[in-house]
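Here are some notes on the pockets and one surface patch, as numbered points.

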Amino acid sequence: MGDFNGDGNLDLAVALFRQETGSSSIAVLPGNGDGTFRPPAYYPTSPGRSWVQVGDVNNDHKLDMVTLGTSPNVLCVLLGNGDGTFQPFIETPLPEQDNAIALGDFNNDGKLDAAATLEFGAQSSVQIMLGNGDGTFTYFGSYPLIDPTAIVAARLITGGNLDLVVVNGDLVNVSVLLGNGDGSFQPAVNYPTSDPIWAAVADFDGDGIPDLVAVNFYLPSGVSVFLGNGDGTFQPGIYYPVGSENRFVGVGDFNGDHKLDLAIPSYLYDNVSVLLNTGVASFSPITPLNFQAQLVGSTSTPRTVTLTNTGTTALTISSIKVLGQFGMSSSCGSSVAAGANCTISATFSPKSRGTKSGTISVADSASSKPQIIELAGAGTVVTLSPASLTFGSSKVGTKSSPKQIQLTNTGATSLTVSGVKFAGRDPGDFAQTNTCVGQVAAGASCSITVTFKPIKTGSRSASVRVSDSGGASPQQAAVSGTGT
């Protein structure tokens with residue numbers, strides 16, 4: 001983002017790579033100031049990775065664009081004319097084929113420099129390219145790292161030099177390289193975190209000291225926040241599970257309470273999760289609270305969230321309210337002492353079949369906006385009894401005596417059962433027949449007859465999965481046995 005034409009509105013620069021032709025370009029979309037953008041103008045760049053950074057590299061007070069080329073390996077600069085248009089690209093050779101860049105004045109000479117990362121191979125590193133002030137750069141030196149996938153330039157010490165934060169995927173950590181102010185950097189200090197892929201720097205706890213957030217791609221997916229100590233070092237990461245196959249993070253105040261929140265896109269779930277900053281009110285587990293399928297007209301066992309006051313003064317609670325087909329109780333009262341905790345418990349009481357959602361809203365002194373605990377569950381009119389079958393031991397190649405699961409429609413209308421099948425680890429070791437597929441009248445039952453026919457020795461397990469219109473489909477019952 002940047003104001004490329006000087007009209008006071010933010011514009012967009014989008015790096016493009018066309019795999020079928022191997023060509024690269026940058027699309028510039030002028031902003032209208034109301035959140036919409038005009039059609040793009042396209043500017044060819046050196047063929048290569050699709051990344052772009054924005055900055056004034058020739059000190060003419062007009063924004064320029066910097067990207068990477070890999071055929072050959074170059075820093076590619078498009079100087080801005082100040083009216084939203086750009087000059088033909090200028091290339092500076094790079095020693096390696098890089099994948100990410102960060103801009104900043106690393107040697108304090110008033111000219112923008114670049115740090116570029118080489119992701120793969122034994123020569124993985126961060127390469128420092130010092131700016132000449134005319135859109136070209138001079139290679140200064142490299143710092144070896146393992147599989148750097150992203151890089152951020154930021155001042156991690158108030159009033160200090162510009163530093164680097166580098167995400168190392170294979171080394172499962174985030175590296176901090178403190179700048180010396182002359183273009184060189186101190187040796188990397190590593191902070192462990194699982195499968196990191198992206199990072200950002202911001203003050204998340206409001207103490208005026210920069211903190212780090214790293215995106216955890218997979219196993220487990222989530223984000224990890226490293227609180228800064230003010231001297232360029234950081235506390236161990238605090239992990240927040242969210243999403244799956246996460247790749248990026250956006251930082252901003254999304255609910256207007258003057259605290260920085262996080263937005264994380266999940267590539268596996270095709271959604272964006274927003275983690276609101278709760279200040280000194282720490283919730284465990286983080287929401288949502290997901291309830292198991294619950295019979296319509298009944299109430300679940302409680303699920304509990306612990307609220308801890310991590311601040312140095314008492315936390316005042318003015319109200320706790322619940323919305324949706326859920327119940328709530330709390331031990332928090334009107335105040336939680338510094339360092340103390342209390343519990344908020346929720347129950348699920350569905351009034352009809354299908355997916356249900358709700359919230360618990362906590363108004364407290366940690367934020368000017370209510371803290372939200374999300375609630376989710378599904379109401380069903382289907383029961384499976386028993387909920388599991390154990391067959392004991394059977395010889396491989398033989399078939400056990402049958403056992404039955406009874407499906408009951410507790411609803412007031414007919415139920416449609418569209419299928420019954422096995423899923424799980426060893427579905428081929430079990431067989432079933434049933435009287436359920438089709439219509440099951442209100443209040444009526446049908447049966448699923450299961451036999452165990454092990455094809456291998458050892459513990460064997462699966463689940464009976466029933467697809468139906470009763471809510472919370474598919475219904476499942478566990479089955480297990482031992483092959484001998």
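1. The largest pocket holds about 1,100 Å³ of space. Of its 37 lining residues, Tyr240, Leu275, Leu276, Asn277 and Thr278 are the closest to its centre. A pocket is an open set of points on a 1 Å grid over the protein atoms alone, where a 1.4 Å probe fits, with protein on both sides within 12 Å along at least five of seven lines; lining residues have an atom within 4 Å of a point. Volume is the space filled by probe spheres set on the points.

2. This is a predicted model, in which local features need pLDDT of at least 70 and side-chain atom pairs pLDDT 80 or more, while totals for chains, interfaces and linings use all residues. Residues are numbered from 1 along each chain as its sequence is written, and side-chain values use heavy atoms, without hydrogens and water.

3. The lining of the largest pocket comprises 20 nonpolar, twelve polar and five charged residues. Here Ala, Val, Leu, Ile, Met, Phe, Trp, Tyr, Cys and Pro count as nonpolar, Asp, Glu, Lys and Arg as charged, and the others, Gly among them, as polar.

4. Is Leu276 buried or exposed? Leu276 counts as partly exposed because its relative accessibility is 36%; buried means under 20%, exposed over 50%, and partly exposed in between (1.4 Å probe, protein chains only).

5. The second largest pocket has a volume of about 940 Å³. Among its 24 lining residues, Met1, Val52, Gln53, Trp198 and Val249 lie nearest its centre. Its lining divides into 20 nonpolar, four polar and no charged residues.
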